[in-house]
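Trainee: Could you take me through how the pockets, cavities and cores of a model like this one are read?

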Amino acid sequence: MSTYPGMFYTWIKMNQQVKPLDFFDRHPVFRYDEFVAAHAGAGGRSLETSASVLKQHVAAGTLLHIRRGLYATVPRGITPQSLRVDQYLLASKLASDAIVAYHAALQFHGKAYSLWNRFHYLTRARQRRFRFHDLEFVPVQVSAALRSRPDLGGDVVEHRHAGGLARVTTLERTLVDVLDAPDRSGGWEEVWRSLEMAGFFDLDAVIDSTRALGSALTAARVGFFLEQHRGPLMVEERHLASLRDLSPAQPRYLDAKREPGKLVQQWNLVVPERILTQAWAEVW
């Protein structure tokens with residue numbers, strides 16, 4: 001389902017005060033402001049009361065205080081010290097507008113070639129990296145062009161997951177994002193191998209996401225990838241033509257490190273030989 005920042009709070013306004021244990025049961029990971037909105041309901045409970053309730057439940061072992069303003073519910077029979085918090089729910093709550101993205105989104109969708117313990121998330125806010133046990137969470141501040149949009153550029157969905165809701169970029173936007181920033185997704189081989197696992201994309205949605213990002217270089221990268229996989233992904237000429245219209249007018253290097261290669265004229269891309277031939281797929 002599509003997600004909207006005010007959805008949770010609109011729901012709260014239409015409902016009565018929520019009992020803490022009922023709220024905890026429905027929210028494996030939650031933010032302080034979410035609990036306050038639910039606990040106060042139509043009014044009558046102060047911020048101090050809500051904060052006191054949280055402190056009591058942390059002391060009792062019902063809740064785990066992960067960091068300032070962020071909590072996880074501890075199920076019966078488990079101690080806070082042994083609790084394994086779901087990484088996608090956690091990433092979705094690290095900012096009020098957090099969205100799981102890049103390689104983490106590939107992994108959530110089951111399309112990552114390799115499994116990581118590093119999870120990138122999109123946000124408007126400036127935040128620092130955060131480590132929790134063996135997991136690392138990396139914030140990526142969205143570009144100014146997307147920051148003003150309520151959905152940070154669109155193609156974001158909420159998925160029921162591990163008893164809660166994870167906010168994740170769609171597979172189509174993820175394709176565009178990982179080609180835009182392969183360094184956040186393990187490099188070209190990891191990106192190529194991961195995207196090849198998908199098997200199907202809504203190509204019109206891919207083009208819409210590419211256009212929204214507004215990068216000519218990324219448009220060329222997306223076009224080049226789709227052309228390489230024209231048959232398996234059922235890419236039509238109209239898709240490629242749309243991406244060519246968005247591509248750079250002058251030659252650009254595929255790789256940010258300006259790695260030498262061959263000029264692919266239809267995309268104005270200088271592509272390293274290893275990517276042209278997908279050398280990593282060779283059997284020795």
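Trainee: How many nonpolar, polar and charged residues are there in the lining of the second largest pocket?

Mentor: Bearing in mind that this is a predicted model, sorting the lining of the second largest pocket by class gives eleven nonpolar, two polar and four charged residues. The lining comprises 17 residues, and those that lie nearest the centre of the pocket are Phe24, Thr73, Val74, Pro75 and Arg76. The space in this pocket comes to about 270 Å³.

Trainee: Which element gives the most to the lining of the second largest pocket?

Mentor: That is α2, with three residues; α2 (20–26) and β3 (70–73) each supply at least two residues of this lining.

Trainee: How should I read enclosed space, and which residues line the largest cavity?

Mentor: The general idea is that rolling a probe the size of a water molecule over the atoms shows where empty space is left. In this structure there is one cavity of 30 Å³ or more, and about 60 Å³ of space lies in the largest cavity. Its lining is made up of Leu146, Gly153, Arg173, Val176, Asp177, Ser209, Ala212 and Leu213, with α8 and α10 as the elements that give two or more residues to it. By class, the lining of the largest cavity divides into four nonpolar, two polar and two charged residues.

Trainee: Which residues touch the most other members of the largest nonpolar core?

Mentor: Within that core of 33 residues, they are Leu175, Leu179, Trp192, Leu195, Phe201 and Leu226. Two or more core residues come from each of α8 (171–180), α9 (188–196), α10 (203–213), α11 (216–228), α12 (237–246) and β12 (269–271), and the largest share, six residues, is that of α11. If residues up to four places away in sequence are not counted, Leu179 touches Trp188, Val191, Trp192, Leu195, Arg221, Val222 and Phe225. Apart from this core lies another, of 27 residues, including Val29, Tyr88, Ala105 and Phe137.

Trainee: Which residues of α12 are buried, and why do they line one face of the helix?

Mentor: The buried residues of α12 are His239, Leu240 and Leu243. Seen down the axis of α12, these buried residues fall within an arc of 95°, and therefore they line one face of the helix. As for their partners, the buried residues of α12 pack against α10 and α11.

Definitions and conventions:
Residues are numbered from 1 along each chain as its sequence is written. This is a predicted model: local features need pLDDT of at least 70, side-chain atom pairs count only at pLDDT 80 or more; totals for chains, interfaces and linings use all residues. Side-chain values use heavy atoms; hydrogens and water are left out. A nonpolar core is a set of buried Ala, Val, Leu, Ile, Met, Phe, Trp, Tyr and Cys residues joined through side-chain atoms within 4.5 Å. Buried means under 20% relative accessible area, exposed over 50%, partly exposed in between (1.4 Å probe, protein chains only). Helices (H or I, at least four residues) and strands (E, at least two) are DSSP runs, numbered from the N terminus. Contact means heavy atoms within 4.5 Å. On a 1 Å grid over the protein atoms alone, a cavity is a set of points where a 1.4 Å probe fits but cannot get out, and a pocket is an open set with protein on both sides within 12 Å along at least five of seven lines; lining residues have an atom within 4 Å of a point. Grid points are joined across faces, edges and corners, and a volume is the space filled by probe spheres set on the points. Ala, Val, Leu, Ile, Met, Phe, Trp, Tyr, Cys and Pro count as nonpolar, Asp, Glu, Lys and Arg as charged, and the others, Gly among them, as polar. The arc is that of the directions from the helix axis to the C-beta atoms.
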